[in-house]
Amino acid sequence: MKPLALAEYVLVALGAVAVALLLQAYVVKPYRIPSESMAMTLVPRDRVLVNRVVYRLRGPQRGDVVVLDSAAVGRVLIKRIVGMPGDVVSLSGGSVCIDGKRLKEPYVRRIDGRPEPTEPFRGTGKPWSLEEPFTVPAGHYFLMGDNRTVSDDSRDWGPASRTEIIGEAFMTYWPLSRLHGL
């Protein structure tokens, strides 16, 4: 092989690595699901792709599954946006209510398909525990896991600021048997 051809291959390989790193840093990043807090939507060891650009084009929306770097918890989490800035989040009969209206959450269900009740985090004394209605502050989002009985979420550590949200999870890609959009 000629030295010039070898140099071209090395440059192409370095360019490909650079493009992959830039895409991962700024456009789409993979994450692994570490816990059961989003089951049945996402289960432990699922791998998801996260769109890191979408919230530069539009704001987060209720129902989005987001990855966030939580300052309160000190690690990266994946949760669903339930409450938007200014919303009054409350519970009634095991259901989440926004501004007094029951939120439709078909993704909150048990393995047997029955609805999963949402309960407050009792005894914490925190205003966001949902023992009482809670108003989401400006620039913040109220996040919950779909598996409400095991989810460590905003009922425990409070609302997440917009700056903590990395992006929106848009599909699982591994294992292949669970390949689907979110």
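This report describes the overall make-up of a predicted protein model and the pairing of several of its strands.

## Overall make-up

The protein contains 3 helices and 12 strands. Taken along the principal axes, its C-alpha atoms fill a box of roughly 75 × 35 × 25 Å.

Of the 182 residues in the protein, 40% are buried. Among contacts with a separation of 6 or more, 58% are between residues 24 or more positions apart.

## Surface and charge

The protein exposes about 10100 Å². Carbon and sulfur atoms supply 60% of that exposed area.

The protein has 24 positive and 19 negative charges. The mean position of the positive charges and that of the negative charges are 5 Å apart.

## Strand β4 and its partners

Strand β4 spans residues 75-83 and is mostly covered. Of its 9 residues, 7 are buried, that is, under 20% relative accessible area.

Two pairings of β4 can be described. Strand β3, residues 65-70, runs antiparallel to β4, and 6 bridges join the two. One facing pair is Ser70 and Arg75, the latter in β4. The hairpin of β3 and β4 has 4 residues between the strands. In this hairpin, Gly74 takes a positive phi near 80°.

Strand β4 is also joined to strand β9, residues 140-144, by 3 bridges. This pairing is antiparallel too. Here Ile81 stands opposite Leu143, which lies in β9.

As general background, strands of a sheet pair through backbone hydrogen bonds, either parallel or antiparallel. In a regular strand the side chains alternate between the two faces of the sheet.

## The open sheet of four strands

Another group of strands is arranged as an open sheet. The sheet has 4 strands, in the order β7-β6-β5-β8, with antiparallel pairing. Strands β7 (101-102) and β8 (134-135) stand at the edges and have a single partner strand each, so one side of each is left without a neighbour in the sheet.

At the β7 edge, the partner is β6: strand β6, residues 95-98, is joined to β7 by 2 bridges, and the two run antiparallel. Within this pairing, Ile98 stands opposite Lys101 of β7.

## Summary

The predicted model has 3 helices and 12 strands. Strand β4 pairs with β3 through 6 bridges and with β9 through 3 bridges. Strands β7, β6, β5 and β8 form an open sheet, with β7 and β8 at its edges.

Definitions and conventions
Residues numbered from 1 in each chain as written. Predicted model: local features only at pLDDT ≥ 70, side-chain atom pairs only at ≥ 80, totals over all residues. Heavy atoms only, no water. Buried < 20%, exposed > 50% of the residue type's maximum accessible area, 1.4 Å probe, protein only. Pairing = 2+ DSSP bridges. Contact = heavy atoms within 4.5 Å. Areas by Shrake-Rupley, 256 points an atom, 1.4 Å probe, with all protein chains shown as cover. Lys, Arg positive; Asp, Glu negative; His and termini not counted. Charge placed at Lys NZ, Arg CZ, Asp CG, Glu CD.
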